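Q: Please take a close look at how the helices and strands of this protein pack against one another. I want the partners and the geometry spelled out residue by residue.

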Amino acid sequence: MPKTAKNLTYLRAQNQGAILKALLLGKEISKQELAGRLNLTPMSISYITNDLLEKGIITENQEKPIKKDSPGRRALALEIVPRRLLAIGVSISRRHLRIALSDLCGEPIRLISHRHSPDLTKETLTDMILEEVEDLLKLAPREHILGIGVSCIGLVDIREKTVVATTDFFGIQNWPIGKILQDRFNLTCYVVEDMKAAGLAEYYYGAAGALNDFIYLGVTYGLGAGIISNSKLLEGNRGFCGEVGHTTLYHDGKNCGCGNRGCAEMYLSVGAILERMGLEDWQDFADLCRKSPRDPAVQAILRDLATLLVNIVNCYDTEAVIIGHEGALLSEEIFTQLNEEVNRRIMARAVKKVEILPSAISEKIHALNGAAVIFSRLFGGEFKL
Ligand SMILES: [Zn+2]
C-alpha cells in the first residue's frame, strides 16, 4: 500500500474511533455536535458516520430529535447499536478467573467465573482460559468480535503482552498469555495490568462521567491504580506505572512480596485491612464503617488511606480519585471524611478541590475490564471497521 493511502486509512480509523468514543461518553449527540466536539469538518463526520450507519454499528434515534439545525431538518441523536461490536475480556484477579463477552455499550453478554484452585499453575490457568474463550467465541459472529483483552494482576509488559511477575500468586511469572491467545485464535490481543484495565472500564462505563483526568484506586486483595490523564490511560514506558500499592507508607514497615518494606498494599489491601481489624469478611468491615466510622481502628486505616491519596493527587494533579473493587463498599461517611482530609492536605488546596468517589461499576468491573482494554484500542484508531 502506498504510504499516503496507509496514512489516510490510519487517519480514518482514528476519526472513527474518536466518534465512537464521543458517542459512548456523550449522550444524544448529533452529527453537527460531533463535528464541533471533535474539531472535524461536517463532511468528514458525515462520511464516517454514514459508513458506521451502513455497517449497523451506530443508528440514528428517530425518537430523539435534538434541535433544528436548519429550517425543515431535524438533527437526530446518533447512538451505538448494542451487541454489534464485542470484545472478549479475560480478568485474572488474585482469587478468580473471569471471562466475559461484552459489547461496546458495556453490557456483559456472558460471564464465566472460576475460583482458583489451590494447585493452580501457569499451564492449568492457560488451558482454562483457552477452553472458555473458545466457547465464548461461538456466541457471536466472528466479524463482530474485535479482540481479546486480558486484565491481570502483577507486573505486565504491554509490549511483550506478558505477565512478567506477580506477588503471592502461584509463582506465576514470564507468562506470554497475550501471544498465546493471539496465536491460538488469530484475534488481536492486549494484556494490561488489572487496575489500569479497571480504570478504563470506569472511564467508559462508571462514575467518571465527563471526567478526563481521574485515578481509579482499586482496593482489593492487592492495591493499585489506573491513571486516566488527559483522556488517556498512563501506561509508562512498558506498562509498569500506577503501582501505588508498592509506594512506601512506613520506611521500616512490614516486608512486602515485591522485595521492599512498608508498602501501602501491606496496610490497605483488603487482606491487610481485615488482619488489622481482626475481621474475616469485608462486608463486616464495610458494616463497621457504616455503624462506627469514628472507631479508632477504622480511623487509623482512614489516615493511611488519606496519606496515600494525598501522595497520588500531588503526583498526578487529578480531578478525582475513584475507589473501586471492594473499596467501593466503604460507607458514605468514610468517603466524606476522606474528601475532607485529602482536600485539607493536598498541595494545590488553595486553587483546586479533588473528589474522592466510590466506583459505580464495582459489581461489573470483572466483566468489563478486559473488554475495555480492547475498546480503548478501538477508540485510539487501531481497528479498521
Ligand atoms: Zn511492595
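A: The protein chain is divided into domain 1 (3-80), domain 2 (86-198 + 367-379) and domain 3 (207-358), with bounds from an automatic or database domain assignment. Between domain 1 and domain 3, the C-alpha centres lie 38 Å apart. This is a predicted model, in which local features need pLDDT of at least 70 and side-chain atom pairs count only at pLDDT 80 or more, while totals for chains, interfaces and linings use all residues. Residue numbers start from 1 along each chain as its sequence is written.

One open sheet consists of five strands in the order E5-E4-E3-E6-E9, and its pairing is mixed (strands, E, of at least two residues, and helices, H or I, of at least four, are DSSP runs numbered from the N terminus; two strands pair if DSSP finds at least two bridges between them). Strand E5 (108-115) and strand E9 (188-193) are at the edges with a single partner strand each, so one side of each has no neighbour in the sheet. On average, neighbouring strands here are turned by 15° against each other, direction ignored (axes are lines fitted to C-alpha atoms, for helices over the stretch in contact, and angles run from 0 to 180 degrees between N-to-C directions).

Edge strand E9 pairs with strand E6 (residues 145-152) in the parallel sense, over six bridges. In this region isoleucine 148 stands opposite cysteine 189, a residue of E9. Helix H6 (residues 194-205) packs on the sheet, where H6 touches E6 and E9, and the direction of H6 makes about 105° with that of E9 (contact: C-beta atoms, placed from the backbone, within 7 Å).

H6 also packs against helix H12 (residues 365-379), at an angle of about 85° and with the axes 7 Å apart. H6 and H12 are therefore roughly perpendicular to each other (65 to 115 degrees; under 35 is roughly parallel, over 145 roughly antiparallel, the rest oblique). On the H6 side, Asp194, Ala197, Ala198, Leu200, Ala201, Tyr204 and Tyr205 take part, meeting Ile365, Leu368, Asn369, Gly370, Ala372, Val373, Phe375 and Ser376 of H12. By class, the residues of the H6 contact with H12 are eleven nonpolar, three polar and one charged (Ala, Val, Leu, Ile, Met, Phe, Trp, Tyr, Cys and Pro count as nonpolar, Asp, Glu, Lys and Arg as charged, the others, Gly among them, as polar).

Another helix pair is H4 (residues 122-137) with H5 (residues 177-185), whose axes come within 11 Å and cross at roughly 40°. H4 and H5 are therefore oblique to each other. From H4, Thr126, Leu130, Val133 and Leu137 meet Ile177, Ile180, Leu181, Arg184 and Phe185 of H5. The residues in the contact of H4 with H5 comprise seven nonpolar, one polar and one charged.

A second open sheet has five strands as well, in the order E12-E11-E10-E13-E14 and with mixed pairing. Its edge strands, E12 (232-233) and E14 (355-358), each pair on one side only. E14 and strand E13 (residues 320-325) run parallel as a pair, joined by four bridges. Valine 321 stands opposite isoleucine 356 of E14.

The remaining helix pair is H10 (residues 296-316) and H11 (residues 332-345), packed at an angle of about 50° with axes 9 Å apart. That makes H10 oblique to H11. H10 contributes Leu302, Leu305, Ala306, Leu309, Val310 and Val313 to the contact, and H11 contributes Ile334, Gln337, Leu338, Glu341, Val342 and Arg345. In the contact of H10 with H11, nine residues are nonpolar, one is polar and two are charged.

Notes: Two residues are in contact if their C-beta atoms, placed from the backbone, lie within 7 Å.
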